[in-house]
Amino acid sequence: MSHLRRFAFLGVFVLLVGVVGVLAAPEYVMVDILDWVNNDGISTAEYPGDQDLDGVGYGFPAEQLPEGDFTVAWDDDVVIPFMGFYMEDGWGNNIEAWGDTIDVPAGNYSGLWLLVVTHHGPVETYLILNYADGTSTEYVLVGGDWCGDPAGDERMVIRPPYRHSASGEAGPSCGMWLLPKFEVDPTKELVSITLPDEDRLHIFGITLEK
Ligand SMILES: [Ca+2]
Ligand SMILES: [Ca+2]
């Protein structure tokens with residue numbers, strides 16, 4: 001093999017490794033939801049009543065949730081990072097859907113991942129993605145009861161063994177859904193997400209995929 005051919009071969013190999021590397025590891029942008037937080041759904045064992053996620057006094061035990069930024073797996077190949085929960089007493093930590101529009105770091109993305117709770121039975125509602133050019137796209141959003149089975153393709157990725165009521169550990173075990181990826185138009189700049197007016201839907205995490 002001539003030097004020239006060797007270089008050409010090496011070039012193709014490097015290109016292939018590069019392409020495979022890009023496919024295997026998409027870039028994720030974790031969104032800080034703090035500015036829109038309006039509900040406290042997490043409490044510590046010391047003050048279990050410092051939450052009311054579902055409107056009737058139940059929420060998640062902080063000690064059974066991941067500390068700091070964490071990842072959840074959609075499947076064997078797709079693992080999505082989320083920003084850590086705000087779990088200190090007295091803090092809210094999720095967005096109950098009141099029709100708010102949530103700004104995201106403006107950019108070109110291919111996907112949107114949501115970590116949610118849907119309570120008091122299955123929820124079927126909508127979600128709107130807004131682009132810088134003034135266009136928007138509406139999607140169907142489906143989630144099963146947080147203590148039950150999926151209502152669509154969502155997957156339960158965090159499920160503590162018990163809930164908290166004001167008096168401490170309580171049943172049954174309930175959890176958070178990772179919703180199927182919402183496809184984003186990568187040719188447009190995404191600027192915000194509009195939530196439905198559906199108070200049985202709570203957003204705990206937003207991550208964008210490049
Ligand atoms: Ca709390
Ligand atoms: Ca609610």
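Q: Before I look at Val116, what does it take for two residues to be in contact?
A: Two residues are in contact if their C-beta atoms, placed from the backbone, lie within 7 Å. Here, setting aside neighbours within four places in sequence, Val116 is in contact with Gly143, Met176, Trp177, Leu179, Leu201, His202, Ile203 and Phe204. Residues are numbered from 1 along each chain as its sequence is written. This is a predicted model, where local features need pLDDT of at least 70 and side-chain atom pairs count only at pLDDT 80 or more, while totals for chains, interfaces and linings use all residues.

Q: What is the mean pLDDT of the protein?
A: pLDDT is the predictor's confidence in each residue, from 0 to 100. The mean for this protein is 92, and 89% of its residues reach 70 or more. Over residues 9-18, though, pLDDT is below 50, and that stretch has 0 contacts in the model beyond near neighbours in sequence.

Q: How many helices and strands are there in the protein?
A: Both are DSSP runs numbered from the N terminus: helices (H or I, at least four residues) and strands (E, at least two). This protein has 1 helix and 17 strands.

Q: Which strand does β4 pair with in the antiparallel sense over 4 bridges?
A: Strands pair if DSSP finds at least two bridges between them. Strand β4 (residues 70-73) pairs with β5 in that sense, over 4 bridges. A hairpin of 5 residues joins β4 to β5, and Ala73 stands opposite Val79 in β5.

How values were computed:
Chains are lettered from A and ligands numbered from 1 in the order in which they are written.
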